[in-house]
Amino acid sequence: MPSHPRPTVRRRRLGSELKRLREEAGVKMEAAAEEIGGDKSKISRQENGRQRVTKLEIQALLDLYGVQDQRLRTALTTLAREGRRKGWWAQYSVILPDGFQERLAIESDAARIHVFQPLLVPGLLQTLEYATESIRAVEKNAGEEQIESYVSVRMSRQEILRRDSAPQYVCILDEAVLRREIGGPETMASQLEKLIEVNSPPELTIQVIPFGHGWHAGLDGAFSLYSYPDPMDLDVVNLDYLDGALYLEEDGPVERYKLAFDDLRASALPSRRSMELISQVARDFKQRT
């Protein structure tokens, strides 16, 4: 069987828009396939983001669908071209699973990233020392060179929060994240001080749900929600599990996670009070160094 690329963010967006335009024009898959010299399965793969669409194919399909809007035609052609562009993580493709490379693509294109984490500081906010200790704990069979490569990837990911077009980032932490000792008291104190340093609402907001709150909407586990600026974009929820990750794009599940995140923000301390709690815990760790 032929192997088709995993759908990237841009290919998913392009495919979704092509499907919408075809359905609005009342064109069946068979007719679209005939127009570009393919078969029904090719159109299906393109609309699912699992096969690239060439510039000539886009132009032929848009003509068939009666799309006259030049701005839309240009946007879709650009989207197809960008879908072939390699991300910064291509240099690490040998060591990174396909699923994680997909996550990096989803992350790098997002306009808003909303994260709930009940266990660990999210990778985008980790210090070098915290990242090294947490990666070493998970990758028990990896050599030092491989550990260093994984850490380098994690540190490189953080560049998206420093670029001019940085996504809005909102992170909700359970208080357990602050108190779970990773790498010793000194590493933890430095990590918590970094959280205070980078917190800068509304662009980058960190809030904490204190132990005293009891039950909250995130007790089922961590998740990340990625949103995009263009109307043709599909919001994505990322759920990690032991051997990989799950990505949800259907409207129903995504909407439920959006509501859950809103509940979590309502349960969390305001950002200022969260910083006070983080500062207090950091001082506790410092006293032990």
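A residue counts as buried when its relative accessible area is under 20%. By that yardstick, Trp89 is buried, because its relative accessibility comes to just 10%. The model in question is a predicted one, and the two tryptophans at positions 88 and 89 make a handy way into it. Trp88 is not buried like that: with a relative accessible area of 29%, Trp88 is partly exposed. The rings of Trp88 and Trp89 sit with their centres 5.6 Å apart and their planes at 85°, so this pair is edge-to-face. Trp88 also pairs with Tyr92, again edge-to-face, at 6.4 Å between centres and 80° between planes. Tyr92 in turn falls on the buried side of the cut-off, because its relative accessibility is 13%. The structure has five aromatic pairs in all. Elsewhere, ring pairs tie Phe116, Phe223, Tyr257 and Phe261 together into a cluster.

Stepping back to the whole chain, there are 289 residues, of which 48% are buried. Twelve helices and six strands make up the regular elements of the protein chain. The C-alpha trace spans about 70 × 45 × 35 Å along its principal axes. Some 15300 Å² of surface is exposed, about which one can add that carbon and sulfur atoms supply 49%. If contacts are limited to residues at least 6 apart in sequence, 73% of them join residues at least 24 apart.

The six strands come together in an open sheet with mixed pairing, and reading across the sheet gives the order E3-E2-E1-E4-E5-E6. Strand E3 (204-209) and E6 are the edge strands; each has a single partner, so one side of each is left without a neighbour in the sheet. From one strand to the next, the twist averages 15°. As a reminder, strands of a sheet pair through backbone hydrogen bonds, either parallel or antiparallel.

The E4-E5-E6 end of the sheet can be followed residue by residue. E4 (residues 223-227) and E5 (residues 236-241) run antiparallel and are joined by three bridges. Within that pairing, Leu225 sits opposite Val237 of E5, while Tyr226 has Val236 of E5 as its bridge partner. On the other flank, E5 runs antiparallel to E6 (residues 244-248), this time with five bridges between the two strands. Here Asp240 stands opposite Ala245 of E6. E5 and E6 form a hairpin, with two residues between them.

Ahead of the edge strand E3 there is a backbone detail to look out for. Most residues other than glycine have a negative phi, and most peptide bonds are trans. The bond from Pro201 to Pro202, however, is cis, with omega near 5°. Pro202 belongs to the loop between helix H10 (185-198) and E3.

Turning to the helices, what surrounds Glu175? Glu175 lies in helix H9, which covers residues 175-179. Despite its acidic side chain, Glu175 is buried, because its relative accessible area is only 7% and the cut-off is 20%. The side chain of Glu175 makes a polar contact of 2.7 Å with the side chain of Arg179. Setting aside neighbours within four places in sequence, the residues in contact with Glu175 are Val208, Ile209, Pro210, Phe211 and Leu277.

Leu56 offers the opposite picture to Glu175 as far as burial goes: Leu56 is exposed, with a relative accessible area of 65%, whereas Glu175 is buried. Leu56 is found in helix H4 (residues 55-64). The C-alpha atom of Leu56 is separated by 12 Å from that of Leu76, a residue 20 positions away along the chain.

Methods:
Residues numbered from 1 in each chain as written. Heavy atoms only, no water. Pairing = 2+ DSSP bridges. Helix = DSSP H or I, 4+ residues; strand = E, 2+ residues; numbered from the N terminus. Buried < 20%, exposed > 50% of the residue type's maximum accessible area, 1.4 Å probe, protein only. Polar contact = N/O pair within 3.5 Å; in protein donor to acceptor, adjacent residues only side chain to side chain. Contact = heavy atoms within 4.5 Å. Phe/Tyr/Trp six-rings, centres within 6.5 Å; stacked < 30°, edge-to-face > 60°. Areas by Shrake-Rupley, 256 points an atom, 1.4 Å probe, with all protein chains shown as cover. Axes fitted to C-alpha atoms, helices over the stretch in contact; angles between N-to-C directions.
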